[in-house]
Amino acid sequence: MPIVEMAKIWMDGELVDWHDATVHVLTPTLHYGWGVFEGIRAYETDRGPAVFQHRAHMERLHKSARILEMEIPYSADELMAATRELIRVNGPRSCYIRPIAYLGYGQIGLNPLPSPVKVAIAIFPWGTYLGDEGLANGVRAKTSSWVRIGANMIPTQSKCCGVYINSSLAKVEALKAGYDEAILLNEHGNVAEGSGENVFIVKDGVLMTPPLTAGILEGISRKAVMRFAHDLDIQFVETDLLRHDLYLADEAFYSGTAVEVTPIRSVDDREIGAPGPVTKQIQDLFFNVVKGKEPRYESMLDFVYGP
Ligand code: PY5
């Protein structure tokens, strides 16, 4: 799906015309993948657009950068203010937000440290990641032949650009085989996550997801799901899962900013059936929260035009 263009992109403190938001072809990030990014969503509420978990995402951008020894020259607060301004200037009712910190022009050796760190934030409307039908009735997942990269290969807690080759290989493989999305196992053969999503299953009423030690990204939506499960009195455990646990699950779903909460209706053609009652409960609460319909969770929202 092509990107829906907006008027302006924020680049290092300035609002630049969409088509002028370019970088030099010799920017080292393009060659080696040394950069970090975020994916954030702003939802339409009755008080205008609100950014879900805004601070958590901008803080994770900083954490991702810190692991790579990149110093982002803007605080999380400054980046949040920039994003709110960008939404006001471009005017979408809801949007996806893509901040990226990358290396500026000047060096081309493999040492990233001498390069200046540049930051850009783009926003654009983006619909349901795996389709409206998938969101309602579940998607078909395929266990990938690609192994999720290990934490001692590329740090998995850094949402860094280069690691997404691993994700995209899995995504392409799944799509070409006729599935909607991948599930990657880690080097130990345990379930890790989707190409750009965390994975949950429900078995005998217990919600389960792999622990961070499985080499997954600590998803901000994952954390929200855990909080919702707690508040809904759903039993929950972080535990290593094997491939057959997916096959034998009563329910399964993906969580993530792009994918939101999307049920998984089959894994490797084993029908799970979706969406199950626990998935539905969490999905309903998720959408009510992001749309500003749950006062109890309002602190998870950053209202672009103020509270
Ligand atoms: N795991 C990986 C590898 C991810 O890339 C993502 C987010 C997640 C889990 C979920 O994290 P969160 O809940 O914090 O979003 N993926 C990005 C996203 O915007 C990029 C997807 C194209 O959802």
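This briefing covers the domains, salt bridges, cysteines and two loop residues of the structure above. The model is predicted. The domain assignment splits the chain into domain 1 (8-124) and domain 2 (132-290). The whole structure holds 18 salt bridges and 0 disulfides.

**How the two domains meet**

- Domain 1 covers residues 8-124, and domain 2 covers residues 132-290, according to the domain assignment.
- Their C-alpha centres are 26 Å apart.
- On the domain 1 side, 21 residues make contact, and they meet 19 residues of domain 2.
- The size of an interface is often given as the accessible area lost when the parts come together.
- Here the two domains bury about 1,700 Å² between them. Carbon and sulfur atoms account for 67% of that area.
- Polar contacts also cross the boundary: 10 residue pairs, both at pLDDT 80 or more, are counted between domain 1 and domain 2.
- Four elements each supply at least two residues of the side of domain 1 that touches domain 2. They are β3 (35-37), β4 (40-45), α2 (54-67) and β6 (95-103).
- Helix α2 gives the largest share of that side, with 5 residues.
- The count of salt bridges between the two domains is 1.
- R41 and E260 pair their side chains in a salt bridge, with N to O at 3.7 Å.

**Salt bridges along the chain**

- Side chains of opposite charge can pair when their charged atoms come close.
- The search of the whole structure finds 18 salt bridges.
- R84 and D302 form one of them, with an N to O distance of 2.8 Å.
- This pair links distant parts of the chain, 218 residues apart. R84 sits in helix α3 (residues 76-90), and D302 sits in strand β17 (residues 301-303).
- Both R84 and D302 are buried.
- E181 and K171 form a salt bridge too, and their closest N and O atoms are 3.0 Å apart.
- E181 belongs to strand β9 (residues 181-185), K171 to helix α5, and 10 residues separate them.
- Both E181 and K171 are buried.
- E218 bonds with K223 in a salt bridge, the closest N and O atoms being 3.9 Å apart.
- E218 is partly exposed, at 29% relative accessible area. K223 is exposed, at 52%.
- D46, R47 and E298 belong to one network, joined by salt bridges that share partners.

**Cysteines without a disulfide**

- A disulfide is a covalent bond between the sulfur atoms of two cysteines.
- The search of the whole structure finds 0 of these bonds.
- Why does C95 have no such bond? The closest cysteine sulfur, in C161, is 20 Å from the sulfur of C95, so the gap is too far for a bond.
- C95 is buried, with a relative accessible area of 2%.
- C160 is in no disulfide either. Its nearest cysteine sulfur, that of C161, is 7.0 Å away, while the cut-off for a disulfide is within 2.5 Å.
- C160 counts as buried as well, at 4% relative accessibility.

**S144, a loop residue**

- S144 is found in the loop between β8 (139-143) and α5 (164-176).
- Is S144 buried or exposed? S144 counts as buried, because its relative accessibility is 9% and the cut-off is under 20%.
- The side chain of S144 reaches the backbone nitrogen of W146, at 3.0 Å.
- Beyond its neighbours within four places in sequence, S144 is in contact with A170, E173, A182, I183 and L184.

**G33, another loop residue**

- G33 lies in the loop between α1 (28-32) and β3.
- At 17% relative accessibility, G33 is buried.
- Which residues does G33 touch, not counting those up to four places away in sequence? They are P28, C161 and G162.
- G33 and V163 are 130 residues apart in sequence. In space, their C-alpha atoms are 7.9 Å apart.

Key:
Residues are numbered from 1 along each chain as its sequence is written. This is a predicted model: local features need pLDDT of at least 70, side-chain atom pairs count only at pLDDT 80 or more; totals for chains, interfaces and linings use all residues. Side-chain values use heavy atoms; hydrogens and water are left out. Buried means under 20% relative accessible area, exposed over 50%, partly exposed in between (1.4 Å probe, protein chains only). Domain bounds come from an automatic or database domain assignment. Contact means heavy atoms within 4.5 Å. Buried area is the accessible area (1.4 Å probe) that two parts lose on being put together, summed over both. A salt bridge is a side-chain nitrogen of Lys or Arg within 4 Å of a carboxyl oxygen of Asp or Glu. A polar contact is a pair of N or O atoms within 3.5 Å; within protein, one must be able to donate a hydrogen and the other to accept it, and residues adjacent in sequence count only if both atoms are side-chain atoms.
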